Amino acid sequence: MIWGNKSGVQSRSIVQVLSALGVGLFLALPALLAAGGLRGAPYILDLLSMVGLYALLSLSLNVILGLAGMFHMGHAAFFAVGAYATANLNLTYGWPILATLPVAALMAGTLAFIVALPVIHLRGDYLLIVTIGIVEIVKIALTNDIFGLTGGPNGLIGIARPVVFGHRISQPRDFFYLIWIMVGITMILFHWLENSRFGRALKYIKEDTVAAEGMGVNTTAHKLMAFVIGAAWAGMAGTIFASKMRTISPDSFTFGESVIMFTIVILGGSGHQKGVLLGAFLVMGLPELFRDFQDMRLLAYGAALVAMMIFRPQGLWPPTPTQYRLPDPYATKYPRGDKPC
Amino acid sequence: MLILSLAGVTKTFGGLVAVAGVSLGVERGQIVGLIGPNGAGKTTVFNIITGAVKPDDGHIFFSGRNLTGLRPHRIVALGIARTFQTIRLFPRLTVLDNVLSGCHCRLNSGVMASLLRLPSQRLEERLVLQRAMSELEFVGLAEVWSSPAGSLAYGDQRRLEIARALATEPKLLILDEPAGGMNEQETANLMGLVARIRDRDITVMLIEHDMGFVMRVCHRVLVMENGSLIAQGTPREVRSDPRVIEAYLGQGED
């Protein structure tokens, strides 16, 4: 151990200060851009909002894929259900957008429960195939104007903007704040969830389902619950998406979208929220930066994925073991033995 | 008083009869050994008791309750915990996290309480850390609580599996070859540990190939061969049973 305990504490608090600064700087970005008088400012903010939206979706997928280890490649289905639930309530019944949030979550969660119930026991690749089927079925249903609620291939048009405390969200700057505040709240709540009895159970299931069941974890119920929570959150992301775009159509909820979310989680660091955030920036942001090299974009993207799977399958920023703060008397008796191993 | 009884339990895998109509009883408070040659069906019996394998026929009773057909996590909640023949820890999680998995079934916090970090959930988390640490102290692994389980020495991993099982607060603990791969010193320590577990009023059932271990630790010994129970009794009785000697102990004695 080169680092004494004291300097370890110091370096931790330095990291905390730096990350607080980073978050502060990020939130001040709209003001900075406006002050700089940059012409592309709305474009940058819009791009960052998209990054945030995909971060939200990927964080919700992370509960299913990253924590519980279930290969789920149909997350766009639940995103779609949320978006269409919001669109319908708003267009037909005139509900304000934010009031539709819980309904979107409930609808997406309910669909997840229904479709997952018969297949939740499937493992790995088998579950993957089923989830691809789910997203395809949902897309086909949307295209065929199911129950007359989806407007067919053209989708639904004219969805309202959200209103927060009397302030109508319409500018790129407003959406930037709305989305990133939601990302922040999500990360805090999911951090708590992850470090709880429920979150631990998901990690046990991911590591060894048989052993988890053998130690008293109701694996089926926990997997199902993870699926429902992830889906409900994707449904809420759908609400934001619908009101941001004002127009939704089946093209926004393809298998390809599901693959992008899947990639973000795996590339960033399965089971690690900050890793997932990094993944969202890379997967959504980098292609925009390299727009000038349009032709090479997808090639570079594919090559990066292949290289990752070979050299760093755990993702760019994988999770570290949970650090518990032991209660006394154990805290003094057994100070953390951070052995390098 | 019988804590566990099996009545006519049968299990076949394809054409192979792994367990053929086994009936047995385990007295509360005893340490019972289950021995027999490889392939005799011992682990299958354990898997049936813990719910990992469903029997084709027969019933399992635990403290008067019929366990037949219950899923493993329900059986754990009723008070039967196990270790695995090949170590099945969660190797990338910490030692403490592994023990916390055993505590899971005695906790109540739900998803909503966790998502919102309610006070009741926080209190429960604090208590569970104490509980897990006390089990780690019991098996002597408290100092390495923050290490990844996979980084422990083999014998320590076996003891961690026992701590994890004890964390479920079992009335019956089932150990599948607990001394497997241990050196003499570790085996001697394990004998002491098993005795201390019994002193906590936990009935112990174990499969073990180390005959010295079985003869010294167990109150009763059950002997299986080809899926059937061929003898049972005290270690002394079993040792002198001609069928047992023929089936098992006679091999490689000299």
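Good morning. The contact in this complex takes 44 residues from chain A and 47 residues from chain B. The model under discussion is a predicted one, and I shall begin with this interface before turning to the sheets of chain B and to several local features.

Between them, chain A and chain B bury about 4200 Å², and 62% of that area falls on carbon and sulfur atoms. As for specific pairings, 17 residue pairs are in polar contact across the interface of chain A and chain B, both residues being at pLDDT 80 or more. On the side of chain A that touches chain B, the elements giving two or more residues are helix H7 (172-194), helix H8 (197-207), helix H9 (209-214), helix H10 (219-245) and helix H14 (330-333) of chain A. Of these, H8(A) supplies the largest share, 7 residues. Sorted by class, this side of chain A has 23 nonpolar, 10 polar and 11 charged residues.

Let me turn to the charged pairs. Side chains of opposite charge can pair when their charged atoms come close. The count between chain A and chain B is 5 salt bridges. One of them joins Arg200(A) to Glu125(B), with the closest N and O atoms 3.0 Å apart. Over all chains, the count comes to 16 salt bridges.

An example from within chain A is the salt bridge of Asp46(A) with Lys244(A), where the closest N and O atoms are 2.9 Å apart. What does this pair tie together? Asp46(A) belongs to helix H3 (residues 41-67) of chain A and Lys244(A) to helix H10 of chain A, so the salt bridge links parts that are 198 residues apart in sequence.

I now move to chain B and its sheet of 4 strands. This sheet is open, its strand order is E2-E1-E4-E5, and the pairing is antiparallel. Strand E2 (16-27) and strand E5 (65-66) of chain B are the edge strands, each pairing on one side only.

E1(B) and E2(B) pair in the antiparallel sense over 8 bridges, and Thr12(B) stands opposite Val17(B) in E2(B). These two strands form a hairpin with 2 residues between them, in which Gly14(B) takes a positive phi near 60°. At the other edge, strand E4 (residues 57-62) of chain B pairs with E5(B), again in the antiparallel sense, over 2 bridges. There, Phe61(B) stands opposite Asn66(B) in E5(B).

Which helix lies across this sheet? Helix H1 (residues 42-49) of chain B lies across strand E1 (2-13), E2 and E4 of chain B, and runs at about 115° to E1(B).

The second sheet of chain B is also described as open: 6 strands in the order E6-E7-E8-E3-E9-E10, with mixed pairing. Its edge strands are strand E6 (80-82) and strand E10 (228-233) of chain B, each of which pairs on one side only. From one strand to the next, the twist averages 20°.

Parallel pairing in this sheet is illustrated by strand E3 (residues 31-35) and strand E9 (residues 220-225) of chain B, which pair in that sense over 4 bridges. Here Leu34(B) has Leu222(B) in E9(B) as its bridge partner. Helix H1 appears once more: H1(B) lies across E3, E6, strand E7 (172-176), strand E8 (203-207) and E9 of chain B, running at about 145° to E8(B). Helix H6 (residues 154-166) of chain B packs on the sheet as well, touching E6 and E7 of chain B, and its direction makes about 155° with that of E7(B).

On the antiparallel side, E9(B) and E10(B) pair over 5 bridges, and the bridge partner of Val221(B) in E10(B) is Gly233(B). E9(B) and E10(B) form a hairpin with 2 residues between them, and Asn226(B) in the turn has a positive phi of about 50°.

Two points of backbone geometry remain. In the loop between H6 and E7 of chain B we find Glu169(B), which has a positive phi of about 55° although it is not a glycine. In chain A, the peptide bond from Asp328(A) to Pro329(A) is cis, with omega near 5°. Pro329(A) lies in the loop between helix H13 (294-311) and H14 of chain A, and H14(A) is among the elements that give two or more residues to the side touching chain B.

That concludes the presentation. Thank you.

Key
Residues numbered from 1 in each chain as written. Chains lettered and ligands numbered in written order. Predicted model: local features only at pLDDT ≥ 70, side-chain atom pairs only at ≥ 80, totals over all residues. Heavy atoms only, no water. Pairing = 2+ DSSP bridges. Contact = heavy atoms within 4.5 Å. Axes fitted to C-alpha atoms, helices over the stretch in contact; angles between N-to-C directions. Buried area = accessible area lost by both parts, 1.4 Å probe. Salt bridge = Lys/Arg side-chain N within 4 Å of Asp/Glu carboxyl O. Polar contact = N/O pair within 3.5 Å; in protein donor to acceptor, adjacent residues only side chain to side chain. Nonpolar A, V, L, I, M, F, W, Y, C, P; charged D, E, K, R; others polar.
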